[in-house]
Amino acid sequence: ISGSFTVYVQDVLPDYIVDDFSPNVAYVTEFQHESFAFYVGSKIGSQLEKGKAYVFTIEPVGVNCSKDFLESLDLSQLVSLVPHSAIKDFRLATEDEIGLESLRLTVE
């Protein structure tokens with residue numbers, strides 16, 4: 001799995017396992033989809049702002065699943081398979097990166 005995806009950050013929350021205050025989990029919404037949470041770590045979590053759209057870039061990471069299975073997953077399911085250490089970059093999204101073409105993750 002590699003590539004990038006764009007989501008709106010609804011909130012940044014602690015994971016409550018490590019502690020009750022470090023912003024480790026981003027609660028996000030993909031364009032015209034349901035919200036989901038994913039672990040981003042406190043370094044990234046502390047820099048995210050609620051209500052903003054961000055592009056997250058994932059460095060190539062291998063997962064032990066077939067390509068057909070991975071291609072059947074939605075974004076929230078794919079992201080749950082990717083360790084937060086695989087997020088190599090994030091930035092504010094531009095207007096042309098928001099919408100139906102916001103998912104650019106690839107499965108090889």
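Start by selecting E71 and K67, whose side chains meet in a salt bridge with 3.9 Å from N to O. Both residues sit in helix α2, which covers residues 67-71. They are 4 residues apart, about one turn of the helix. K67 is partly exposed, with a relative accessible area of 42%. E71 is partly exposed as well, at 48%. Keep in mind during the tour that this is a predicted model.

**Other salt bridges**

Side chains of opposite charge can pair when their charged atoms come close. How many salt bridges does a search of the whole structure find? The search finds 3.

Next, select D11 and K50. Their side chains meet in a salt bridge of 3.3 Å, N to O. Where do the two partners lie? D11 is in strand β1, and K50 is in the loop between α1 (41-45) and β4. The pair links distant parts of the chain, 39 residues apart. D11 has 22% relative accessibility and counts as partly exposed. K50, at 57%, counts as exposed. The cut-offs explain these labels: exposed means over 50% and buried means under 20%, so a residue at 22% falls in between.

Now move to E97 and R91. Their side chains form a salt bridge with an N to O distance of 2.5 Å. To find E97, look in the loop between β5 (87-92) and β6 (103-106). Is E97 buried or exposed? E97 counts as buried because its relative accessibility is 13%, and buried means under 20%. R91, in contrast, counts as partly exposed at 37% relative accessibility.

Stay on E97 and add T94 to the selection. A polar atom of the E97 side chain lies 2.8 Å from the backbone nitrogen of T94. The E97 side chain is also joined to that of R91 by a polar contact of 2.5 Å.

**Aromatic rings**

Hide the charged residues and show the rings. A search of the whole structure finds 7 aromatic pairs. A pair of aromatic rings is described by the distance of the centres and the angle of the planes.

Select F5 and F38, one of the pairs found in the search. The F5 and F38 rings are edge-to-face, with 5.8 Å from centre to centre and 65° between the planes. F5 belongs to strand β1 and F38 to strand β3 (residues 35-39), so the pair ties together parts that are 33 residues apart in sequence. F5 counts as buried at 1% relative accessibility. F38 is buried too, with a relative accessible area of 6%.

Then select F56 and F90. This aromatic pair is stacked: the centres are 6.1 Å apart and the planes are at 20°. F56 lies in strand β4 (residues 53-58) and F90 in strand β5. The pair links distant parts of the chain, 34 residues apart. At 0% relative accessibility, F56 counts as buried. F90 is buried with a relative accessible area of 18%, which means it falls under the 20% cut-off.

To see how these rings belong together, add F36 and Y54 to the four already selected. Which residues form the one aromatic cluster? The cluster consists of F5, F36, F38, Y54, F56 and F90.

**The nonpolar core**

Widen the view to the largest nonpolar core, which has 27 residues. Select the residues with the most contacts inside this core: F5, F38, V40, L48, F56 and I58. Three of the residues from the ring selections, F5, F38 and F56, are on that list.

Which elements give two or more residues to this core? They are β1, β2, β3, β4, α3 (75-80) and β5. The largest share, 4 residues, comes from β1. Colour β1 to follow the strand that also holds F5 and D11.

**A patch on the surface**

Finish on the outside by selecting I17, V18 and Y39. These residues form a nonpolar patch on the surface. Together they have about 350 Å² of accessible area. V18 lies in the loop between β1 (2-13) and β2 (25-29). Is V18 buried or exposed? V18 is exposed because its relative accessible area is 60%, and exposed means over 50%.

Technical notes. Residues are numbered from 1 along each chain as its sequence is written. This is a predicted model: local features need pLDDT of at least 70, side-chain atom pairs count only at pLDDT 80 or more; totals for chains, interfaces and linings use all residues. Side-chain values use heavy atoms; hydrogens and water are left out. Patches are made of residues with over 30% relative accessible area and no salt bridge: like charges are joined within 9 Å, nonpolar side chains (Val, Leu, Ile, Met, Phe, Trp, Tyr) within 5 Å. Accessible areas come from the Shrake-Rupley method with a 1.4 Å probe; for residues, only the protein chains shown count as cover. A salt bridge is a side-chain nitrogen of Lys or Arg within 4 Å of a carboxyl oxygen of Asp or Glu. Buried means under 20% relative accessible area, exposed over 50%, partly exposed in between (1.4 Å probe, protein chains only). A polar contact is a pair of N or O atoms within 3.5 Å; within protein, one must be able to donate a hydrogen and the other to accept it, and residues adjacent in sequence count only if both atoms are side-chain atoms. Rings of Phe, Tyr and Trp (its six-membered ring) pair if their centres lie within 6.5 Å; planes under 30 degrees apart count as stacked, over 60 as edge-to-face and the rest as tilted. A nonpolar core is a set of buried Ala, Val, Leu, Ile, Met, Phe, Trp, Tyr and Cys residues joined through side-chain atoms within 4.5 Å.
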